[in-house]
Amino acid sequence: MFPYNVFPDTAAINDNGALEIGGCNLMDLADEYGTSLYVLDEETLRNRCRAFVRAFQSRYGDTQVVYASKAYINPALARLFEEEGLGLDVVSGGELAIAQSVDFPLERVYFHGNNKSPEELAQAVEGNIGRIVIDSFHELETLDRIAGDAGKVQDVLIRVSPGVDPHTHVHTTTGILDSKFGFAIQTGHAAEAVRRAVAARNLNLLGLHFHLGSPIFELEPYAVATEVVLRFAADLREEGLEMREFSPGGGFAIAYTRDQEPPAVGDYANTIVSALTSNCDSLGLPAPRLIIEPGRSIIGPAGVAVYRIGAIKDIPGVRKYVSVDGGMGDNIRPALYQAVYEVVVANKAGQDPSETVTIAGKYCESGDLLASDITLPVVEPGDVLAIPAAGAYCPSMASNYNLNPRPPIVLVQDGRSRLIRRRESYQDMMIADIV
Ligand code: LLP
């Protein structure tokens, strides 16, 4: 059975048994743009944006959905998110610069990060960014000074750490006590941060933010953490905290493999909105604006990585390595998080699997494996592989390791394709070098 659940909404197998996304045959795209290649399905992207807006706003009118740019952003996509009414979560001056390059409405931009530099903070303040989410005492003081120097009062949130474990990969768990992110409620640091932000002359504290980790396949951690943070907000009312905005971050899971069934967007919305409204009611807190920060769950399902098979090495009785023209430079997730992906032969999508192979990348590392011990139809050099659920944290975490140019990205819709990022050239990779 073809794993439609992990592919974009428009995935189809044509009469020749070839895989199409957005009405475009992946073989044609591979020929036109070369491989490795990332294909993004515009319909899925927009569907996911709308699913989040609808799921949350239908349950809680005062919701702003903010796309987490770290999952992947570029100017064309920033425009698309603006059209869909989303805001942006940025975590660097670079991501902010992308937003600024397309005149993204900066009042809908949230700036996160545990160690924003003074230059980045100044860039944000001067650009009239909507909110800066304060992550440390050092940042609180620095930002107060920078805003003062600019003659501005900056709207801020405070990132608290609720001490709730979302049971995801240790590298992507953030809301526990032992984390570099945010102010822990448990230690009293969060309360102290609120006091100092309220007292700061050039900061306007609008509310609280937390983010538990990513991807989170359970609903319960959102409910528990929301209660913890709202109780904290209620306790801090006397200290001058008026919580007009509340954000439980992002982290919503997607299916990477055929057997995974993450909660639907509506399930996350139900959990978060009911925890928010019931706790606000019982604690006597006014209903704040809700800020939701999905990244992976918007762009992940829209993306398919496309590679061409080159060398095949069969070690009898041991393993058959099938090498492709990409790998850890465009998708570090298998090596970094032991992430598991489905793999489909795009030109043999209708065929049943018949042998076990391991998909190796082209990088000079034995650990550069995109998928281990998977079953595929018999493949040969020149066949094209498609790896779904690759829209998030693949191009955005790509590197030039081994000085391989990073792949192009093409947006597809209704049988048309549009390049939104070209393949890097060797000159691009040397542009900052000085002889
Ligand atoms: N908000 C904050 C404050 C975050 O730190 C993150 C992700 C998000 C929202 C969006 O989370 P999402 O909805 O995309 O799950 N590189 C890792 C994921 C790191 C996520 C970091 N923060 C991976 O490839 O799985």
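Here are three short exercises on the ligand and the two domains of this model.

This is a predicted model, where local features need pLDDT of at least 70, side-chain atom pairs count only at pLDDT 80 or more, and totals for chains, interfaces and linings use all residues. Residues are numbered from 1 along each chain as its sequence is written, and side-chain values use heavy atoms, leaving out hydrogens and water.

**Exercise 1.** Work out which residues come nearest to the ligand.

*Solution.* Start with the shell: 20 residues surround the ligand, each with a heavy atom within 4 Å of it. Next, pick out the nearest, which are S214, E293, R296, R333 and Y393.

**Exercise 2.** Find the polar side-chain contacts (pairs of N or O atoms within 3.5 Å) that S214, K70 and Y337 make with the ligand.

*Solution.* Take the ligand's oxygen atoms: a polar side-chain atom of S214 is 2.4 Å from one, and one of K70 lies 3.2 Å from an oxygen. Then turn to nitrogen: a side-chain N or O atom of Y337 sits 2.8 Å from a ligand nitrogen atom.

**Exercise 3.** Decide where the ligand lies relative to the domains.

*Solution.* First, get the bounds, which come from an automatic or database domain assignment: domain 1 is 4–34 + 302–430 and domain 2 is 42–296. Both domains give residues to the shell around the ligand, so the ligand lies between them. Finally, check how the domains meet: 26 residues of domain 1 contact 21 residues of domain 2, with contact meaning heavy atoms within 4.5 Å.

Methods:
A polar contact is a pair of N or O atoms within 3.5 Å; within protein, one must be able to donate a hydrogen and the other to accept it, and residues adjacent in sequence count only if both atoms are side-chain atoms.
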